[in-house]
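Let's take a walk through this protein together. Have the sequence and the 3D view open, and we'll go from the whole chain down to single residues.

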Amino acid sequence: MTFSRRAFLFGSAAVAGGVAFGPAVFAQDMAPPLPQGAAPPAATINPWVVIGPERITVVTPHADVGQGVASVQAALIAEELDIDLDQPDVSFGPPDPAYANTGLAGEFVPFEAYDLSPEAEAARKQAADWIASQGMQMTGGSSTVPDSYDKLRLAGAVARETVKAAAAKRSGMAVADLTTEAGQVVLPDGTRIPYTELAAEAAAIPPVENVALRDPSEWRILGKPMQRVDVEAKATGAMKFGLDLTLDGMVYAALRVNPYKGAGLNGYDAAEALAMPGVSSVVEVTNGIAVIASNSWYAMRAAEAVKCDWAQGDYPPDQSEHWAVMEASFADEHREKIWRDEGDVDTALAGDGVIEAEYRAPYLAHQPLEPLSALVLVTDEGAEIWVGHQIPNAVQGMVAQITGHPVEKVVFHNLYSGGSFGHRLEFENIRPAAEVANKMRGTPVKLIFSREEDFLQDFPRQLSMARLRGVAREGTIEAAEFLISSTPVMASQMGRLGMPVEGPDAQTPMGVRPMSYGIPNLRVSTYAATGLSPVSSWRSVGASTGGFFSESFIDELIHAAGLDPLQARIDMCKIDYHRKVIEAAGEMCGWQGPLGDGKGRGVAFVESFGVPVCEVVEVTATENGIRLDNVWVAADVGPVLDPVNFQNLVQGGVVWALGHAMNCELTYAGGQVQQTNYQAHEGMRIHQCPAIEVRGLANGPKIRGIGEPPVPPAAPALANAIFAATGQRIREMPFNRFIDFV
């Protein structure tokens, strides 16, 4: 059995000693989509490379929400295409099934990332085929690099060899005698033919599919420090985010939507708003109203003046009741699944010396710096939308459903976004913007959220609680039981997409279930706390809470056993490349046990999204509070494609996670969140930021992404460091409820 390189690009792969194929459609040639603005005589050699008479365009379909994936995708193509990174135009491309993200396959199977058995690999292959069959184009789960690593290098190589074949046909020379460099085919006599001059000829011949990828030892771009393709535009202010875009004749819209999420609008009085400067109208949208005005300030001020009669929602109005539901969820009727049950946990926990603890993690807001916005133009012929989003085809489908146009008549322009952290997986801005624009056909409508409305409408991180028991004696951890309850993330998020999720929520045990420690008696069970606030994916999702629970309690057991926190983790770790990550973190910080003099170090090790990460946090207990001094981070993602961005992402993830663990929570009163701006949901201040040292390892079996994995170990490492410095064990976030920071 054989398969073409083009078929391979769409999901076919060698598994279990043979070749496994997905549905027949993926063995067929698919018409590659043209990026916006590209047209004949451009050669669309494959869905990721377009060579025209004036420019080369590379399509980077994963959304760039500040994490730099446009740059790494461009670099993967450029490496094999033999162009410099500053040569091509970079386009996010249109929504298209060709861009299905099969890198997410590992999140859909009940196997740990370190399980490479034939059964686990076959399940991942089946999941990848299903993702491809659904055309699931989505950015998330630190999956861009795993999804793109082979596809985009192959795309670049196919394009390079196809252009060489066109040059060989023109020159009458053998392809083997031609080379390429900096976007040019080089003939034996030194003559150089730019790829752009060969576009029409390349378009007239079949793509060359029998290509070989270069060995990493030959890489020119990948693995080397590089400047991201968006740096200059961002540094000079030339980058156009959604907030920056304008169209002729455009009007502005601002929202008031029921802050009791999901509840309706009984009625409203807009008289005061309609009398305000610049206001032209007030229109109803789902569960609220939008004010139309001549600028965003007028629209926001007028929206505040609309008197709304809000309907009651269907979750408890006050935070204490949310916690009460969570506490009551630890019952058999709410148990979703026992994920791990090893040894004889009940017998091990039946005797004396059982350590018990309860941990809590609050709701949290996403709140990237760029507030939500969307620019939409609807006409009788079709619709266009300009917005940054992580699920392009879902945006396109939602707009089509609202306007009544066929999906192919909705043009989606994906934009660079000023952050996301999971926020741009949702549609709080898409739906109302399309509804308003549909009522004002022919007029471009720009919807901008006020910061307060953004907080109120955000679907937060899951509320979560853990009840934990363990036995540690005579220098060993004999047993550990983790009971974890959470608001189910996937059921909430996917339900809003019209894709109901049945069965246990796979995110609830994350950060706990993949533990690679050899504990002889171990059980991990999850429970569903239903009827609470709708929630969504927040950077590292379930692992952001599960990692805090698992590594804080493991630390409690280690101390009870009289063991060293770092060495005990090394000794218990049963996966070799995981163990090397812990060892590397210890080497980086020069770990030698307790520090004394008010100083403390805490260690935490969490695997999420297939990436083992170990972090050591060092703090000092001062008269005024805890000072964060240093953080050391080791992570194994396989080959590090961009060392500069790798370091930035790890450092940024640590700052993000520590700031939220220290200071942030969302609480409900009267059905709405009480924190509606940054002063009430404060991240880390710059004077509080520790020095952060980063090391990437490449011992793992597969290449991985790094956007989310640095987050889960940070909170428990800080909590463990505070314990080491002060003797105070903190079991609930945010930590500033119990201790001050300086």
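Of the 742 residues in the protein, 60% are buried. Keep in mind that what you're looking at is a predicted model. As for what lies on the outside, the accessible surface comes to about 27,500 Å², and carbon and sulfur atoms hold 50% of it.

Now for the overall build. The secondary structure comes to 19 helices and 29 strands. The radius of gyration is 27 Å, close to the 27 Å that the globule rule gives for 742 residues, so the protein is as compact as a globular protein of that length. If you drew a box along the principal axes, the C-alpha atoms would fill roughly 85 × 70 × 50 Å. How much of the contact map joins residues that are 24 or more positions apart? Counting contacts in the protein with a separation of 6 or more, such pairs account for 77%. Charges are part of the picture too: there are 55 positive and 89 negative ones, and their mean positions are 2 Å apart.

Let's zoom in on strand 24, which is where you'll find V603. This valine has a relative accessible area of 0%, so it is buried, the cut-off being under 20%. Which residues does V603 touch, once its neighbours within four places in sequence are left aside? The list runs through E551, D555, P565, L566, R569, W591, C614, E615, V616, A717 and N720. P701 makes a handy landmark for distance: 98 residues from V603 in sequence, with the two C-alpha atoms 25 Å apart in space.

Follow the chain out of strand 24 (599–608) and you come to the loop that leads to strand 25 (611–622), where F609 sits. Here's a small oddity: F609 has a positive phi, near 55°, in a residue other than glycine. With a relative accessibility of 13%, F609 counts as buried, since that is under 20%.

One of the contacts of V603 was C614, which brings us to the cysteines. How many disulfides are there? The count comes to zero. C614 is in no disulfide, and the nearest cysteine sulfur, that of C589, is 8.4 Å away. A pair would have to be within 2.5 Å to count as a disulfide, so the sulfurs of C614 and C589 don't qualify. C664 is in no disulfide either; for this residue the nearest cysteine sulfur belongs to C689, 15 Å away. Both C614, at 0% relative accessibility, and C664, with a relative accessible area of 1%, are buried.

Next, have a look at strand 16 (residues 354–361), the home of A357. This alanine is buried, with a relative accessible area of 10%. Beyond its neighbours within four places in sequence, A357 is in contact with A466, R467, L468, F553, E556 and R731. F549 is 192 residues away from A357 along the chain, yet their C-alpha atoms are separated by 9.8 Å.

For another alanine, go to helix 12 (residues 430–439), which holds A434. Is A434 buried or exposed? At 0% relative accessibility, A434 counts as buried. Leaving aside neighbours within four places in sequence, its contacts are V376, V399 and I402. From A434 to G727 there are 293 residues along the chain, and 55 Å between the C-alpha atoms.

Helix 14 (residues 489–496) is worth a stop as well, with V489, S492, Q493 and M494 buried. After this helix comes G498, whose phi is positive, near 75°.

A third alanine, A182, sits in the loop between strand 7 (179–181) and strand 8 (184–186). A182 has a positive phi of about 50° although it is not a glycine. At 26% relative accessibility, A182 counts as partly exposed.

Our last stop is in the segment after helix 19 (714–726), where you'll find P734. Where the chain goes from M733 to P734, the peptide bond is cis, with omega near 0°.

How values were computed
Residues numbered from 1 in each chain as written. Predicted model: local features only at pLDDT ≥ 70, side-chain atom pairs only at ≥ 80, totals over all residues. Heavy atoms only, no water. Helix = DSSP H or I, 4+ residues; strand = E, 2+ residues; numbered from the N terminus. Rg over C-alpha atoms; globule rule 2.2 N^0.38 Å. Buried < 20%, exposed > 50% of the residue type's maximum accessible area, 1.4 Å probe, protein only. Contact = heavy atoms within 4.5 Å. Areas by Shrake-Rupley, 256 points an atom, 1.4 Å probe, with all protein chains shown as cover. Lys, Arg positive; Asp, Glu negative; His and termini not counted. Charge placed at Lys NZ, Arg CZ, Asp CG, Glu CD.
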